[in-house]
Structures are given as C-alpha cells and as structure tokens.
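Visitor: I should like a close look at a single part of this model, namely the sheet of one chain and the helices that lie across it. Please then place that part within its chain and within the complex.

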Amino acid sequence: MVYITRIEHFNAAHKLYNPAWSKEQNDTVFGKCANENWHGHNFELHVTIKGIPDTDTGFVYDAKKLSAIIREYIIEHLDHKNLNLEVDFMKDKLCSIENLVMGIWNRLVQHLPESVKLHKLLLKETPTIYVEYFGP
Amino acid sequence: MHKVSVFRKEHFNAAHRLHNPSWDDAQNKAVFGKCNNPLYHGHNYELIVQLTGMPDPDTGYVMDMKILSDLIQAEICERFDHRNLNEDCAEFKHINPTAENIAIVIFEILRKKIDPQLDLRIRLYETERNFVEYPA
C-alpha cells in the first residue's frame, strides 16, 4: 500500500462561538477566538489517499487530477470566505477545525472516483495547531 | 567591528478585507477580487522585526530579544491578534489593510518604542508566498 498526499491552501475568516451561550461564557471558553467580528487563518489541507501503484502509470492516482478535485469541491468553497457564514456544510456547526475537517471529508469523499480510497485529512489552522481525521 | 542585524519572529491571526469605500462595489470587486469579500477572510500573519546596530559592549546584545519579543507582543500582537483589522482596529479605520499598509503601521508603532540608534525594518508575510518589507 502506498500513501500519496496533496497539499492545498485556503485563507478564511471564522470565529468560535456557541450561540446557545452568553457572550461571557463564550469569552471564557473560547477566549480571543470568540471575537464577534471574526479573525482568520491561512489554512493548510493535506489530503492523503492510498492504493497500489498502477502498473501502467506508476500512480496511485494522478496528483494533478486529485488537486483539481480538491480545488473544485473544497478550496473554491472555503478560500477567501467566512467559514461560519458562507460554507453550507458548516451551517449550524461550531466552526472548530475538528468540525471543519469532518465536513471536508464528508464533502470530498462524494467526489473522488470509486477507485480512490481516502485515507486521511490533516488540517492545519496555524503552524502549531492541526487536526487529523481518518474518516467515520 | 561592524553592525549586526537581529531578527525576532512573531505571529498574529486576523480577519480582513480589501476595500476602497470611495469606489462602487463593481470596481472594488474588479480590483481586489476575492479579497473584497464583505464577510471577510483571514490570514496567519508572520511578522519579522529586524534591528541593526552595534552590539552593546557590556551585554553583547544589539537589543535583548526577550524585551523585543515582549514589546512586539504588547504593541502589535495585542492590537491585531484574533481581530478583524477593518472593524476592530482604529489604525485601519481609514487605511486599506493590505500587507503593505499593515507593515507601514507596524513600523510606525515600533519606531517610537525602539532606540532611534537602531535601524528598524519590518518584514510581514501575509501567506507563505506573499510578503512585504518596509522600509524597502
């Protein structure tokens, strides 16, 4: 089994805010991340697929085609956007990277060819904070 | 003996949008593209502060890096980290928060607080690929 990873980027605004809580409780739990006027990040998304290299091409899957799929179905919908307000799969969800990575997986997996097995997503919010998700 | 440059790297994460209020929406969109999103987007900004001077004969320091770090945290990160540069920051009330203008604002704040005998230069990364320096 060989694992191949494609890295893409998107720059977006968000906030961590639970609408069922008071402002004070949000500030206590989420600190600066609860700023009602938003803050933002350069997010980095690593998409890892797995498989056996094809005998004719040597590819698990063409990385350029993988990039095109990630950009069309994920990056175009997240880049330079407000993740809380403009992303359909984040509506009514708390906009943590934990929830974001699960939403990205559920969306991406619908658009990968059947032969392509999604192994892992890694989503970096900052150089020192990232999440990994291996699917449900 | 020659002058030495010392560098301190700090980070802040912020939302912003690029917008000229004296233009109509069509012109703003044409010039600034996705960066004009009225719901904002964001970045992990990486700031590098460069000071150049002669090392102090007693300490061997151009400037104590801990003091410089505390200064940048207090004067820059506290102002801009986890903020919406357009909405939350008085410095950008009438200035478009491009990387260029942010670097100039940071320079002017720090210049007043640092020994005038030391040359000051700001490098600001908006993304890994786009960065500015001031003064040029």
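**The sheet of chain B and its helices**

Guide: In this predicted model, helix α2 of chain B, residues 65-80, lies across β1, β2 and β3 of chain B, and its axis runs at about 20 degrees to β1(B). Helix α4 of chain B, residues 99-111, lies across β2, β4 and β5 of chain B, and runs at about 145 degrees to β4(B). Strand β2(B) is thus named in both sets, being among the strands crossed by α2(B) and among those crossed by α4(B).

The sheet beneath this description is an open one of five strands, in the order β3-β1-β2-β4-β5 of chain B, and its pairing is mixed. Its edge strands are β3(B), residues 83-84, and β5(B), each of which pairs on one side only.

Two of the strand pairs may be taken in turn. Strand β1(B), residues 4-16, and strand β2(B), residues 41-53, pair in the antiparallel sense over 13 bridges. Within chain B, B:E10 stands opposite B:L47 of β2(B). The second pair consists of β4(B), residues 119-125, and β5(B), residues 131-134, which are also antiparallel and share four bridges. Here B:R123 stands opposite B:E133 of β5(B), and a hairpin of five residues joins β4(B) to β5(B). As a general matter, side chains in a regular strand alternate between the two faces of the sheet.

Two local backbone features border these strands. In the loop between α2 and β3 of chain B lies B:H82, a residue that is not a glycine and yet has a positive phi of about 60 degrees. B:H82 counts as buried because it has 22 C-beta neighbours inside 10 Å, the cut-off being 20 or more. Beyond the other edge strand, the segment after β5 of chain B contains B:P135. A cis peptide bond joins B:Y134 to B:P135, with omega at about 0 degrees.

The sheet may now be placed in its chain. Chain B has four helices and five strands, which follow one another along the sequence as β-α-β-α-β-α-α-β-β. Among the contacts of chain B between residues at least 6 apart in sequence, 69% join residues at least 24 apart. Of its 136 residues, 26% are buried, and its C-alpha atoms fill a box of roughly 60 × 25 × 25 Å along the principal axes. As to confidence, the mean pLDDT of chain B is 97, and 100% of its residues reach 70 or more.

Chain A offers a companion description. Its secondary structure comes to four helices and four strands, in the pattern β-α-β-α-α-α-β-β. Its C-alpha trace spans about 60 × 25 × 25 Å along the principal axes, and buried residues make up 29% of its 136 residues. Of the contacts in chain A between residues at least 6 apart in sequence, 64% join residues at least 24 apart. Chain A also has a residue with positive phi that is not a glycine: A:W38, at about 80 degrees, in the loop between α1, residues 23-30, and β2 of chain A. A:W38 counts as buried because 27 C-beta neighbours lie inside 10 Å.

The two chains meet in a contact that takes 19 residues from chain A and 19 residues from chain B. On the side of chain A that touches chain B, the elements giving two or more residues are β1 (2-14), β2 (39-51) and α3 (83-86) of chain A. The largest share of that side, four residues, comes from β2(A). By character, the residues of that side divide into five nonpolar, ten polar and four charged. For the complex, the predictor gives an ipTM of 0.86 and a pTM of 0.92.

The largest nonpolar core leads back to the strand pair described above. Of its 46 residues, A:L83, A:L100, B:L47 and B:I106 touch the most other members. Helix α4 of chain A, residues 97-108, gives the most to this core, with five residues. Leaving aside neighbours within four places in sequence, A:L100 is in contact with A:L83, A:M90, A:C95 and A:L123. In chain B, the core member B:L47 is the residue of β2(B) that B:E10 stands opposite.

Note on methods:
Residues numbered from 1 in each chain as written. Chains lettered and ligands numbered in written order. Contact = placed C-beta atoms within 7 Å. Nonpolar A, V, L, I, M, F, W, Y, C, P; charged D, E, K, R; others polar. Core = buried A, V, L, I, M, F, W, Y, C linked by C-beta atoms within 7 Å. Buried ≥ 20, exposed ≤ 12 C-beta atoms within 10 Å, placed from the backbone. pLDDT = per-residue confidence, 0-100. Pairing = 2+ DSSP bridges. Axes fitted to C-alpha atoms, helices over the stretch in contact; angles between N-to-C directions.
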